[in-house]
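Got your viewer open? Load the model, switch on a cartoon view, and keep the selection box handy for a walk from one stop to the next.

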Amino acid sequence: MRWIAVIGLCVLSGCVTTGAAPQGPAQPKASAVEQPAAPTRADVDRFVSVAKTVEPVSERVCRQQTGPGTNCDFKIVVDDRPGQPVNAYQTLDRSGRPIIAFTLPMLAAVRNSDELAFVMGHEAAHHIAGHIPRQQQNAMAGAILLGGLATISGAGADVVRTAQDLGASVGARSYSKEFELEADALGTVIAKRSGFDPVRGAAFFSRIPDPGDRFLGTHPPNAQRIETVRRVNSRL
């Protein structure tokens, strides 16, 4: 995977580094927005400017709200692999450093700096709230539960493995909506402290398909997310 790093490395002037794919489950947005054109130079400049402002605030919030063992050295990058959808996600590299990645179509899809800052804050919040390890724990618990039930029932090895896979999938999704709302709330704080308008930023949700309230869906209804941002912002 090729990363274009923007914090403390370069200003997108051909600075491309080659690294291994990030480790851990990503936290993608439900963002099936109509595929936009490639980002313009103005889009790129806006991304660099917002990232330089939001990154240090995210780091401060991370250090305030997590223990001394948490890596708060965020790296904000562009995932420039071809054919990627409109997406932003948080993951970890092999050293445990938190990565916030934006695909090129995402840079073109956001309409203003407030939307960009809110999405960055939201993805940083996933790391601060420990959503990746919590999701892994939920997946493991689900795999153990269903796999154990299949074993007790006398099922064969193949059925047990299938049950474990199903349990892991259900477990990983169990609290995903809550995780998204937690990230929306803390992302609102980060965007606000960075000098941006999180309510204006959350308007991004009004342009993506509404996932509704599906059973085991990964994202809450858009209206609930926007209301969360408004409520938290009103208290700041």
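Start by selecting Asn233, which sits in helix α8 (residues 222-235); helices here are DSSP runs of H or I with at least four residues, strands are runs of E with at least two, and both are numbered from the N terminus. Asn233 counts as buried because its relative accessibility is 16%, where buried means under 20% relative accessible area, exposed means over 50%, and partly exposed lies in between (1.4 Å probe, protein chains only). Now show what surrounds Asn233: leaving aside neighbours within four places in sequence, Asn233 is in contact with Thr188, Lys192, Pro198 and Val199, contact being heavy atoms within 4.5 Å.

A word on the ground rules before moving on. This is a predicted model, in which local features need pLDDT of at least 70 and side-chain atom pairs count only at pLDDT 80 or more, while totals for chains, interfaces and linings use all residues. Residues are numbered from 1 along each chain as its sequence is written, and side-chain values use heavy atoms, with hydrogens and water left out.

**Zoom out: the whole chain**

Colour by secondary structure and you should find 8 helices and 5 strands. Follow them along the sequence and the pattern reads β-β-α-β-β-β-α-α-α-α-α-α-α. The chain has 236 residues, and 49% of them count as buried. Take the contacts between residues at least 6 apart in sequence: 74% of those join residues at least 24 apart. Switch on a surface if you like; about 11000 Å² of the chain is exposed, with carbon and sulfur atoms supplying 55% of that area (Shrake-Rupley method, 1.4 Å probe; for residues, only the protein chains shown count as cover).

**Next: the disulfide**

Select Cys62 and Cys72 and show sticks. These two form a disulfide with their sulfur atoms 2.0 Å apart, the cut-off for a disulfide being a pair of cysteine sulfur atoms within 2.5 Å. Cys62 belongs to helix α1 (residues 41-65), and Cys72 to the loop between α1 and β3 (75-79), so you are looking at a link between distant parts of the chain, 10 residues apart. Which hand does the disulfide of Cys62 and Cys72 have? The torsion about the S-S bond is about -70°, so it is left-handed. Cys62 is buried because its relative accessibility is 0%, and Cys72 is buried too, at 2%.

**Along helix α6**

Select residues 176-193. That is helix α6, with 18 residues and a reach of 26 Å from its first C-alpha to its last, close to the 26 Å expected at 1.5 Å a residue (the expected span is 1.5 Å times one less than the number of residues). Because 13 of its 18 residues are buried, α6 is largely enclosed by the rest of the structure. Just after α6, click on Gly195: its phi is positive, near 95°.

**Into the core**

In soluble globular proteins, nonpolar side chains tend to be buried together. To see it here, select Phe47, Phe102, Met106, Met120 and Ile190; of the 38 residues in the largest nonpolar core, these touch the most other members. (A nonpolar core is a set of buried Ala, Val, Leu, Ile, Met, Phe, Trp, Tyr and Cys residues joined through side-chain atoms within 4.5 Å.) Elements that each supply at least two residues of this core include β5 (98-103), α2 (104-109) and α3 (113-128). Helix α3 gives the most, with 8 residues.

**Last stop: salt bridges**

How many salt bridges does the structure hold? There are 9, counting a side-chain nitrogen of Lys or Arg within 4 Å of a carboxyl oxygen of Asp or Glu. Three are worth a click:

- Glu59 and Arg63 meet at 3.0 Å, N to O, both in helix α1, 4 residues apart, about one turn of the helix.
- Asp114 pairs with Arg200, their closest N and O atoms 2.6 Å apart. Asp114 is in α3 and Arg200 in helix α7 (residues 198-201), so the pair ties together parts 86 residues apart in sequence. Asp114 is buried at 11%, while Arg200 is partly exposed at 44%.
- Glu180 and Arg225 meet at 3.2 Å, N to O, linking α6 to α8 across 45 residues. Glu180 is buried at 3% and Arg225 is buried at 1%. Add Asp184 to the selection: salt bridges that share partners join Glu180, Asp184 and Arg225 into one network.
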